[in-house]
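Q: Please take a close look at one surface residue of this model and its setting, and then follow the thread to the cysteines, the nonpolar cores and the unusual backbone angles.

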Amino acid sequence: MAQTSTVDIWDPLGVCGVPNVLNEEADDLDDIDIDLMCPVCHEEFQDPRFLPCHHYYCKGCIKQLAAAAAQSTRVGAQVYVCCPECRETVQMSAESGVEELPPAFVVERMKQKVANRQQESRSRTQTESSLRTCKEHGDQMKVYCLNCDRLVCGTCCVSHHAGHSCQLEKEAIQKWNQSLANGAESLTGIRDANQQAIACVQERRREIMEKSADLIESTTKCFDEIVKMAENKKQQLLASLSESTDKKLASLDTQEIVLKENIIRADDLGSQFSEKSKLDLLPEENFLKSLHQFFLQLQEEQQKQVRLCTEPKEDANIAVKTPCLHCVSELCSKEVGVYLAPTVHGSGSAFAKVGNVATFYIHTVAGSNSPSFNVQIISFVDGSALQVNITKIEERKYLASYFPKLRGRLKLTIEVDGVKALNSPFFAYVHISPTLFEKPTAIISLASRPWGVACGPQGQLVVSEFVGNSVVVLSQQGERVLQLKHKFMYPCGVAMDDDGYIYVADKISFISKFSQSGEFVKSNNCIKALGGISSGTPHGVEVKKDRVFVCDTFNHRIVVLNRELQLLSKFGTKGTKLGEFNKPYDIVADSKGILYVVDNNNRRIQIFSENADGSYSSLYAFGQTLPLELPNNICLDVSEKYLYLTQDNCDKILVFTTSGKVVANFGKKLSKRDGLGSGPFGIDVDKDGFLYVALYSKKLLEY
């Protein structure tokens, strides 16, 4: 333990803030220097004087305070000065009050003590340096042998350390100080990243609290307008809302604690690096071992940061049945409530299966015991109306059922006794089970061998003809609508955004954007900016919200751009670990921003999520449990429950859940007699659930 020496200070109340113990170690002298600065002018004390409250300041600073006070608080020959620290009012003479204040001699003693200690430290360092002589040769040791990790003299360097890597002591000090300083700087980056993550968590907390407050307000307002019989249900809903909010906030609290603990560790290690980076002299031995241990700790913290989840673990949505959708309709005499079945998604949309009876419930409160129903279900696919059967289940509760025969979206309009149901019209989606895909429902002939296919928002199809170096747009019936006016070389991945813009990846331009009419908008060959192989052809393209993702296949990475094709980021390198690729071929994203990447040569599908800073982290991968050959192209169905995958040297289309469970595979090798050939590659699903598969044999199949 370091020895300490006591300095007597006149401070009867212990409030003057002067340290009464000086540590002999040089590291503590900086803290003492801070206490020897005047709190008013923030400079070293000049003729310090005590106030009656035992705080002290420079004589000149007190004069300034008295002069300022004299303009507002002067009473006769007296002024009243307020202490800047404790705010106690001090009465003194306007003319000679400052001169009468007692000098703070203790501060001068402290200043002299600090100066003496600094001089002693410098003298001791010079003495120690002069005593660092070689025991064998008597010369000063000014050379550090890196092989032996010790300080040696010049003679030893020539005789005993010949062939070793040696450096002059000054050069070694400068190099290692810089190395330690760089380590401390990298830890600052970790701290900043966690601070940013905490800011995101706190912002998400604010969003949750705001949305929670809005929901509480709307719930309260709604139930205030109805009869007392609604009070019980209101309390149940508020309790559910509170529980959901508490769970989310508790989860964010836990995450914030982990992030703050990581900051504390980074700060602590950064402080150690900063202290070690201020060397005046090198130890005689084992310095490199000590340095190695510090960088092992730094590497461990950096690895922890990579694994750490910095994106808020909770979204800002609170899952609770709000009264404006369902509960009010059971109680309010002027409304009709509707429950869609079998699965509720969002605000009144549902999924049903072709060939299965679909149902939903209608609730009424007042009015006739035998109400008249006007229920219309219209198919978006062919405009046909579906027959609806309504059965009374219990008092004021009715079951509506229908039998969908076609895939695609449905529009449900519901009225009871002329009263329109809440949130009417509703929209449902009818899909077909992947196990029912056997034979294509349509076969479209193409002019050249295709690679990719994309379904547009208006039912159009975009196909890249790899061999023909062209990209064409087809109608849903397979008629050629237009050909993009651009020079391509091996166009592969294609995609369309919600506004109808077309995105194409090819060897020349890397990624290009076109209008709905096929006119060129812009391109961005960002390989030069990113570095890497420029002769390879990028493969898959995906557009989701404001992001464009491109599989830079031969550079083993994913390039992220905005819709204006401005480069945002990239992720992935060549390898077999999570987050690494060996020729990523295709990519698809769901509505939540989760990415599914086809890692071709690693024979797996990798799943990524976006972090708070815009980077992407691999969540997991599946491939060992799937019968994968060389996976090529991938797509999600409309319900986002199933993934469809094509593979090299395999005529089957594999269907599996987003968690990697195989549910079906369909398709068979088409013989030459059929005139169709084989080789499925590009694949996509349109908004009505129809699946399109591009074949190498110049065909496009619809399922």
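A: In this predicted model, Y490 is partly exposed, its relative accessible area being 36%. The residue sits in the loop that runs between β25 (480-483) and β26 (494-496), and together with M489 and I508 it makes up a nonpolar patch on the surface, the three sharing about 240 Å² of accessible area. Since membership of such a patch requires over 30% relative accessible area, the 36% computed for Y490 satisfies that condition.

Turning to the cysteines, the structure contains zero disulfides. For C82, the closest cysteine sulfur belongs to C83 and lies 7.0 Å away, which is too far for a bond because a disulfide needs the two sulfur atoms within 2.5 Å. C82 is itself partly exposed, with a relative accessible area of 30%. C134 likewise takes part in no disulfide, the nearest cysteine sulfur, that of C156, being 3.6 Å away; with a relative accessibility of 9%, C134 counts as buried, because the cut-off for that class is under 20%.

The interior can be described through its nonpolar cores. The largest nonpolar core has 25 residues, and L51, M92 and V107 are the members that touch the most others. At least two residues of this core come from each of β4 (56-58), α2 (59-73), β5 (78-82), β6 (89-93) and α4 (105-131). Leaving aside residues up to four places away in sequence, L51 touches Y57, I62, C83, M92 and L101, so that C83, named above as the owner of the sulfur closest to that of C82, reappears here as a contact of L51. Another core, of 23 residues, lies apart from the largest one and includes M141, L180, L187 and A266.

Two backbone angles also deserve attention. Most residues other than glycine have a negative phi. R87, although not a glycine, has a positive phi of about 65°, and this residue is placed in the loop between β5 and β6, two strands that each supply at least two residues to the largest core. R87 is exposed, with a relative accessible area of 55%. K698 is also not a glycine and has a positive phi of about 65°; its position is in the loop between β43 (691-695) and β44 (699-702). K698 is partly exposed, at 42% relative accessible area, because its value falls between the 20% and 50% limits.

Notes. Residues are numbered from 1 along each chain as its sequence is written. This is a predicted model: local features need pLDDT of at least 70, side-chain atom pairs count only at pLDDT 80 or more; totals for chains, interfaces and linings use all residues. Side-chain values use heavy atoms; hydrogens and water are left out. Patches are made of residues with over 30% relative accessible area and no salt bridge: like charges are joined within 9 Å, nonpolar side chains (Val, Leu, Ile, Met, Phe, Trp, Tyr) within 5 Å. Accessible areas come from the Shrake-Rupley method with a 1.4 Å probe; for residues, only the protein chains shown count as cover. A salt bridge is a side-chain nitrogen of Lys or Arg within 4 Å of a carboxyl oxygen of Asp or Glu. Helices (H or I, at least four residues) and strands (E, at least two) are DSSP runs, numbered from the N terminus. Buried means under 20% relative accessible area, exposed over 50%, partly exposed in between (1.4 Å probe, protein chains only). A nonpolar core is a set of buried Ala, Val, Leu, Ile, Met, Phe, Trp, Tyr and Cys residues joined through side-chain atoms within 4.5 Å. Contact means heavy atoms within 4.5 Å.
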